[in-house]
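This report is a short description of one protein chain for a reader who has not met it before. Look through the sequence and the model first, then read on.

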Amino acid sequence: NVSHKEFNPVCGDQIELFIKLSNNKVEDVKFIGKGCAISMASISMLTEKIKNLSLQELEKIQKEDILEMIGIPLGVVRMKCGLLSLKTLSNGISKLEEENEHIRN
């Protein structure tokens with residue numbers, strides 16, 4: 001249901017996220033990515049965190065949740081690496097909602 005790709009031009013990290021929904025909940029989630037350890041760890045942990053969550057719960061995930069999950073302080077440059085997972089998730093959900101709105105109209 002959700003397939004979205006994001007790119008961090010500063011360092012070259014790339015993440016493509018795939019989410020399968022069933023009854024408005026995450027049934028399965030996978031990602032393809034390449035980049036630094038921080039961006040890959042962040043997306044890996046996020047995919048584990050979001051299993052079985054509803055779309056409404058996904059929309060509530062914030063920057064602070066990701067940083068807490070990562071568990072180490074990130075400098076300004078590394079912050080974009082750590083938050084690329086959230087950007088990919090958020091923009092993917094927005095894309096899905098736009099598509100669903102278009103179908104309804």
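In which loop is the place of Gly12? In this predicted model, Gly12 sits in the loop between β1 (2–7) and β2 (14–22). Gly12 counts as partly exposed, at 26% relative accessibility. Apart from neighbours within four places in sequence, Gly12 is in contact with Phe7 and Lys34. Cys36 is 24 residues away from Gly12 along the chain, and the C-alpha atoms of the two are separated by 8.8 Å.

A second loop residue is Ser54, found between α1 (37–50) and α2 (55–59). Ser54 has a relative accessible area of 12%. The cut-off for buried is under 20%, so Ser54 is buried. Leaving out residues up to four places away in sequence, Ser54 touches Asn24 and Lys25.

The two loop residues are set out below.

| Residue | Loop | Relative accessibility | Contacts beyond four places in sequence |
|---|---|---|---|
| Gly12 | between β1 and β2 | 26%, partly exposed | Phe7 and Lys34 |
| Ser54 | between α1 and α2 | 12%, buried | Asn24 and Lys25 |

Next comes the chain as a whole. The chain contains 4 helices and 3 strands, and along the sequence they follow the pattern β-β-β-α-α-α-α. The radius of gyration is 14 Å, close to the 13 Å that the globule rule gives for 105 residues, so the chain is as compact as a globular protein of that length. The C-alpha trace spans about 45 × 25 × 20 Å along its principal axes.

Of the 105 residues in the chain, 37% are buried. The accessible surface comes to about 6,300 Å², and 52% of this surface belongs to carbon and sulfur atoms. Among contacts between residues at least 6 apart in sequence, 51% join residues at least 24 apart. The chain has 14 positive and 15 negative side chains, with the centres of the two sets 4 Å apart.

Helix α3 (residues 63–70) shows how buried and exposed residues are placed around one helix. Its buried residues are Ile66, Met69 and Ile70. They cover an arc of only 100° around the axis, which puts them on the same side of α3. An α-helix has 3.6 residues a turn, so residues three or four places apart point the same way. The exposed residues Glu64 and Glu68 are on the face of α3 turned away from the buried side. After α3 comes Gly71, whose phi is positive, near 80°.

Notes
Residues numbered from 1 in each chain as written. Predicted model: local features only at pLDDT ≥ 70, side-chain atom pairs only at ≥ 80, totals over all residues. Heavy atoms only, no water. Helix = DSSP H or I, 4+ residues; strand = E, 2+ residues; numbered from the N terminus. Rg over C-alpha atoms; globule rule 2.2 N^0.38 Å. Buried < 20%, exposed > 50% of the residue type's maximum accessible area, 1.4 Å probe, protein only. Contact = heavy atoms within 4.5 Å. Areas by Shrake-Rupley, 256 points an atom, 1.4 Å probe, with all protein chains shown as cover. Lys, Arg positive; Asp, Glu negative; His and termini not counted. Charge placed at Lys NZ, Arg CZ, Asp CG, Glu CD. Arc of directions from axis to C-beta.
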